[in-house]
Amino acid sequence: MSQTPAERQAAYRARRPFAGTDNNGERRINTWVNTGTYLALKRLSRHNGVTKREMLERIVMAEDARVTSGMDDDALEVYMQNVTP
């Protein structure tokens, strides 16, 4: 018996936390940003030839690397504990 569209969507969403080649998954972000931020993200992604998702991932990971680059082990441990999966 085939699945309904709602059942297929539910199964897809259930797999997302474990997706990817490393099985580390993906997390959903659903938020509103001001128009200027949205347009800047759109311009940056278009300029770099990537999706808005890829551009946002690049920006966040670059800032995370910048912030953690000068941290000692104790500061890094505190920083890493500030988030729960």
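Is Glu54 buried, partly exposed or exposed? In this predicted model, Glu54 counts as partly exposed, because its relative accessibility is 31% and the partly exposed class runs between 20% and 50%. The legends below take this residue and other sites in turn.

**View 1. Glu54 and Arg58 form a salt bridge within helix H3.** The closest N and O atoms of Glu54 and Arg58 are 3.1 Å apart. Both residues belong to helix H3, where a spacing of four residues places them about one turn of the helix apart. Arg58 is partly exposed, with a relative accessible area of 39%, and Glu54 is likewise classed as partly exposed, at 31%. This pair is one of five salt bridges in the structure.

**View 2. Glu26 forms a salt bridge with Arg16.** The closest N and O atoms of this pair are 2.5 Å apart. Glu26 and Arg16 both lie in the loop between helix H1 (5-15) and helix H2 (35-48), and 10 residues separate them. Glu26 counts as partly exposed because its relative accessibility is 27%. Arg16, at 23% relative accessibility, also counts as partly exposed.

**View 3. Glu26 also meets Arg53 in a salt bridge.** The distance from N to O in this side-chain pair is 2.7 Å. Glu26 is in the loop between H1 and H2, whereas Arg53 is in helix H3 (residues 52-68), so the salt bridge ties together parts of the chain that are 27 residues apart in sequence. Arg53 has a relative accessible area of 47% and is therefore partly exposed. A network of salt bridges links Arg16, Glu26, Arg53 and Glu57.

**View 4. Asn34 makes side-chain contacts with backbone nitrogens of Gly36 and Thr37.** Asn34 is located in the loop between H1 and H2. The side chain of Asn34 reaches the backbone nitrogen of Gly36 at 3.1 Å. A polar atom of the Asn34 side chain also lies 2.7 Å from the backbone nitrogen of Thr37.

**View 5. Asp72, Asp73, Asp74 and Glu77 form a negative surface patch.** One member of the patch, Asp73, lies in helix H4 (residues 73-80). Asp73 counts as exposed because its relative accessibility is 66%, and the exposed class begins over 50%. H4 has eight residues, of which the number buried is zero, so the helix lies largely in the open. At the start of H4, a side-chain oxygen of Asp72 comes to within 3.2 Å of the backbone nitrogen of Asp74. Asp72 and Asp74, the two residues in this contact, both belong to the negative patch.

**View 6. Ile29, Leu56, Val60 and Met61 make a nonpolar surface patch.** The area of this patch is about 410 Å². Leu56, one of the contributing residues, lies in helix H3. The relative accessible area of Leu56 is 38%, and Leu56 is therefore partly exposed.

Terms used. Residues are numbered from 1 along each chain as its sequence is written. This is a predicted model: local features need pLDDT of at least 70, side-chain atom pairs count only at pLDDT 80 or more; totals for chains, interfaces and linings use all residues. Side-chain values use heavy atoms; hydrogens and water are left out. A salt bridge is a side-chain nitrogen of Lys or Arg within 4 Å of a carboxyl oxygen of Asp or Glu. Buried means under 20% relative accessible area, exposed over 50%, partly exposed in between (1.4 Å probe, protein chains only). Patches are made of residues with over 30% relative accessible area and no salt bridge: like charges are joined within 9 Å, nonpolar side chains (Val, Leu, Ile, Met, Phe, Trp, Tyr) within 5 Å. Accessible areas come from the Shrake-Rupley method with a 1.4 Å probe; for residues, only the protein chains shown count as cover. Lys and Arg count as positive and Asp and Glu as negative; His and the chain ends are not counted. The place of a charge is taken as NZ of Lys, CZ of Arg, CG of Asp or CD of Glu. A polar contact is a pair of N or O atoms within 3.5 Å; within protein, one must be able to donate a hydrogen and the other to accept it, and residues adjacent in sequence count only if both atoms are side-chain atoms.
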